[in-house]
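Me: I would be grateful for a close look at a single part of this structure, namely the aromatic rings and how they pair. Please set the account out as one connected answer.

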Amino acid sequence: MSYINIPLDALTSRLNLNGVSEQVRSQSFGQRFANLKPISEFLDLKRLSKPANFAEVQSRVNYNVGYFSTNYLGVALMLGVYSLLTNLTLLFDIIFVGAGLFGIKKLNGRDLDVGFARATTSQLYTGLLIIGVPLFFWARPIGTALWLVGATGVTILGHASFMDKPIDTAFSEEAV
């Protein structure tokens, strides 16, 4: 049986996204939201066009991911919220475990005494673990995460590859 060997480095190096990720990481949180582009510019239907070849797709993706990075972060966050709202079991488990950890921390190491029963913090953590972990796996978090990665990738790469660069940018590249 022969295996198909796909050189992932060759595929990912052609997109050349290293400079974009460094640019995004170097910005502070306030600067990143200051770069939020208006919705009319982000969804400008007049600039949508089919790229002629892969080199043009690469050029558009490199430009648009850097230019619309804050907008793409917003799209990813909205898709994340949507995925949690459609997977209510996962949302409930995240809230349950978070509230449980917060409540146990509020005890400051003291035992929980409810009158007829007494539970140590170790027992509370164990109970939270016994309930939270199976509920977490029952909520199918891997499927939700894979859907989120796929939907975000298709949305962002689709927008970045079909959204043409502004005319002034296209002319400045040709002059160089």
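Reply: In this predicted model, ring pairs join Phe42, Tyr63, Tyr67, Phe68 and Tyr72 into a cluster. One member of the cluster, Tyr67, also has a charged neighbour: Lys37 lies over the face of the Tyr67 ring, at 4.5 Å from the ring centre.

The count of aromatic pairs comes to eight. Among them is the pair of Phe42 and Tyr72, which is edge-to-face, with 5.7 Å centre to centre and 65° between the planes. The label follows because planes over 60 degrees apart count as edge-to-face. Phe42 belongs to helix H4 (residues 39-42) and Tyr72 to helix H6 (residues 69-86), so this pair ties together parts that are 30 residues apart in sequence. Phe42 has a relative accessible area of 8% and is therefore buried; Tyr72, at 4% relative accessibility, likewise counts as buried. Both terms rest on a cut-off, since buried means under 20% relative accessible area.

A further pair is formed by Tyr82 and Trp147. This pair is tilted, with 5.8 Å centre to centre and 45° between the planes. Tyr82 lies in helix H6 and Trp147 in helix H9 (residues 141-162), so the pair ties together parts that are 65 residues apart in sequence. Tyr82 is partly exposed, with a relative accessible area of 47%, and Trp147 is also partly exposed, with a value of 38%.

Helix H6 thus takes part in both pairs, through Tyr72 and through Tyr82.

Conventions: Residues numbered from 1 in each chain as written. Predicted model: local features only at pLDDT ≥ 70, side-chain atom pairs only at ≥ 80, totals over all residues. Heavy atoms only, no water. Phe/Tyr/Trp six-rings, centres within 6.5 Å; stacked < 30°, edge-to-face > 60°. Helix = DSSP H or I, 4+ residues; strand = E, 2+ residues; numbered from the N terminus. Buried < 20%, exposed > 50% of the residue type's maximum accessible area, 1.4 Å probe, protein only. Lys NZ or Arg CZ within 6 Å of the ring centre and 35° of its normal.
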